[in-house]
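Student: I am new to this structure. Please take me through one part of it closely, and then show me what lies elsewhere.

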Amino acid sequence: METKLVQIGKGGAFTCEDEAYLREAAEIIKKGGLVAFPTETVYGLGGDALNPDSSRKIYAAKGRPSDNPLIVHICRFEDIRRIVSRLPESAVRIADAFWPGPLTMILPKSRAVPRETTGGLDTVAVRFPSHPVARKLIEYSGGYIAAPSANASGRPSPTLARYVAEDMDGRIDMIIDGGEVGIGLESTIIDLTVEPPRILRPGYVTREMLDGILEKTDIDVTIIKPDSGQAPKAPGMKYRHYAPRGRLVIVEGPPEQVIAYINRQVEEDRGKGEKTGVIGTTEVLEQYQADVVKCIGNREAEEDIARNLFSVLRELDEEKVESIYSESFPSKGLGQAIMNRLLKAAGHRIVRLPADENGTCINARESSKTNHHNESDGRTIK
Ligand code: TXA
Ligand code: MG
């Protein structure tokens with residue numbers, strides 16, 4: 001299949017040409033085809049959410065296991081009523097506060113939503129994105145677009161159309177290039193089918209922000225304790241995800257020790273003939289001696305770090321880096337989402353410094369007890 005690539009909204013307001021492309025994309029979706037499009041979080045791979053064949057095609061294009069449900073995207077709050085069987089008051093409050101925006105709610109599904117879209121579950125994930133291209137496309141396509149992130153299964157979510165093309169060229173009908181996304185990490189997922197509501201995936205809308213709207217929220221234990229041995233409630237969270245092709249290790253500790261440790265490891269890996277890379281912050285970037293040093297942003301600018309994370313992982317792949325070390329970040333606020341994705345990308349390999357008196361790193365756990373399934377091939381990485 002030939003994948004058509006179009007650019008939309010580059011100059012701000014939509015032009016007549018943009019409108020024509022959006023109508024063409026909507027026709028593709030209505031006829032059961034697939035179109036990748038920008039949202040404020042990451043690029044999505046869209047198909048008609050109410051058409052089981054479209055959902056099957058999405059799984060096939062991504063190489064995604066069909067037990068991993070898709071998010072249904074809407075463009076008007078009222079449209080949620082057709083796809084859920086119950087709308088709790090908490091959902092209305094959350095929508096008032098955060099929609100349109102980077103938040104997904106899990107609710108009991110109605111009969112209108114095929115099980116192919118929900119991975120066989122009785123619940124449905126609903127999101128109302130704020131990106132103007134996404135909103136128009138949803139509206140023109142009939143109101144309900146199922147869209148996972150537009151990466152091949154297991155790869156970092158795409159923040160640029162170029163990355164979508166890397167994974168999806170020849171597998172889908174169209175890619176809409178709307179420039180770089182704003183947030184760079186996927187939406188926060190909150191499950192409203194349980195009491196108190198539970199965060200299943202951390203994102204730009206933080207627990208602190210949700211606590212300001214709801215009396216109480218829980219957080220899926222597997223996010224705080226990846227080695228709890230429990231299965232995450234969002235099926236997609238069990239997979240090793242976002243993974244670069246190289247071996248990624250996170251190093252946590254006082255900055256000078258982190259830099260010294262990473263430089264020692266880099267030296268050692270280079271001795272083995274490996275191409276080495278570092279993910280570091282602006283403040284200390286010059287001190288790293290790896291072959292490829294990638295700047296993830298300023299330590300104080302969490303939003304930049306969030307936006308750069310997935311592209312940095314892809315760039316390290318492009319440069320065929322085999323051994324990668326990354327600084328660690330505080331797990332508070334948006335940092336919780338950043339560390340959640342980074343830990344998954346690293347298969348939970350984290351070294352915690354300082355070293356003990358023998359010079360051995362304490363708590364240097366290699367994936368600990370959790371099983372991480374590789375989404376693409378079902379491998380278990382221990
Ligand atoms: O920001 C985002 O949410 C992006 C953009 C494109 O909207 N989409 C996205 O979709 O990240 P995806 O498919 O890559 O991630 C959806 C996550 C998966 O972990 C999936 O298991 C979970 O949502 N999920 C979907 N429906 C669910 C349900 N009914 N119950 C629990 N988890 C669900
Ligand atoms: Mg995804």
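**A close look at Ile305**

Tutor: Ile305 counts as buried, because its relative accessibility is 1%, and the cut-off for buried is under 20%. Keep in mind that this is a predicted model. Ile305 sits in helix α10, which runs over residues 302–318. Now look at its contacts. Leaving out residues up to four places away in sequence, Ile305 touches Ile296, Gly297, Asn298 and Arg299. It also touches Phe329 and Ile338. For a sense of distance, take Gly47. Gly47 is 258 residues from Ile305 along the chain, and their C-alpha atoms are 30 Å apart.

Follow the chain past helix α10. The loop between α10 and β16 (323–327) holds Lys320. Lys320 is not a glycine, yet its phi is positive, near 55°. Lys320 counts as exposed because its relative accessibility is 64%, and the cut-off for exposed is over 50%. His348 also has a positive phi, about 65°, and is not a glycine. His348 lies in the loop between α11 (334–345) and β17 (349–352). With 11% relative accessibility, His348 counts as buried. So Lys320 is exposed, whereas His348 is buried.

Next, the cores. In soluble globular proteins, nonpolar side chains tend to be buried together. Here the largest nonpolar core has 51 residues. Within that core, Ile94, Trp99, Leu103, Met105 and Ile190 touch the most other members. Apart from it lies another core, of 27 residues. Ile279, Val292, Val312 and Val321 are among the residues of that other core.

Take Ile190 from the largest core. Again leaving out residues up to four places away, its contacts include Ile94, Leu103, Thr104, Met105 and Ile106. Pro197, Arg198 and Ile199 are also among them. So are Leu210, Leu214 and Thr217.

Trp99 leads to another feature. A cis peptide bond joins Trp99 to Pro100, with omega about -5°. Pro100 lies in the loop between α4 (89–98) and β5 (103–108). A cis peptide bond also joins Glu195 and Pro196, where omega is about -10°. Pro196 belongs to the loop between β9 (188–191) and β10.

Strand β10 brings us to ligand 1. β10 (198–201) supplies at least two residues of the shell around ligand 1, and so does each of β4 (71–73) and β6 (123–127). The largest share, three residues, comes from β6. There are 28 residues around ligand 1. Of these, Thr41, Asn68, His73, Ser187 and Gly236 come nearest. By class, 15 residues of the shell are nonpolar, eight are polar and five are charged.

Polar contacts finish the picture. A polar side-chain atom of Ser187 is 2.6 Å from an oxygen atom of ligand 1. In the side chain of Ser149, an N or O atom lies 2.9 Å from an oxygen atom of the ligand. Pro235 takes part through its backbone: a polar atom there is 3.4 Å from an oxygen atom of ligand 1. Taken alone, ligand 1 exposes 680 Å², and the protein buries 98% of that.

Notes: Residues are numbered from 1 along each chain as its sequence is written. Chains are lettered from A and ligands numbered from 1 in the order in which they are written. This is a predicted model: local features need pLDDT of at least 70, side-chain atom pairs count only at pLDDT 80 or more; totals for chains, interfaces and linings use all residues. Side-chain values use heavy atoms; hydrogens and water are left out. Helices (H or I, at least four residues) and strands (E, at least two) are DSSP runs, numbered from the N terminus. Buried means under 20% relative accessible area, exposed over 50%, partly exposed in between (1.4 Å probe, protein chains only). Contact means heavy atoms within 4.5 Å. A nonpolar core is a set of buried Ala, Val, Leu, Ile, Met, Phe, Trp, Tyr and Cys residues joined through side-chain atoms within 4.5 Å. A residue is near a molecule or strand if one of its heavy atoms lies within 4 Å of it. A polar contact is a pair of N or O atoms within 3.5 Å; within protein, one must be able to donate a hydrogen and the other to accept it, and residues adjacent in sequence count only if both atoms are side-chain atoms. Accessible areas come from the Shrake-Rupley method with a 1.4 Å probe; for residues, only the protein chains shown count as cover. Ala, Val, Leu, Ile, Met, Phe, Trp, Tyr, Cys and Pro count as nonpolar, Asp, Glu, Lys and Arg as charged, and the others, Gly among them, as polar.
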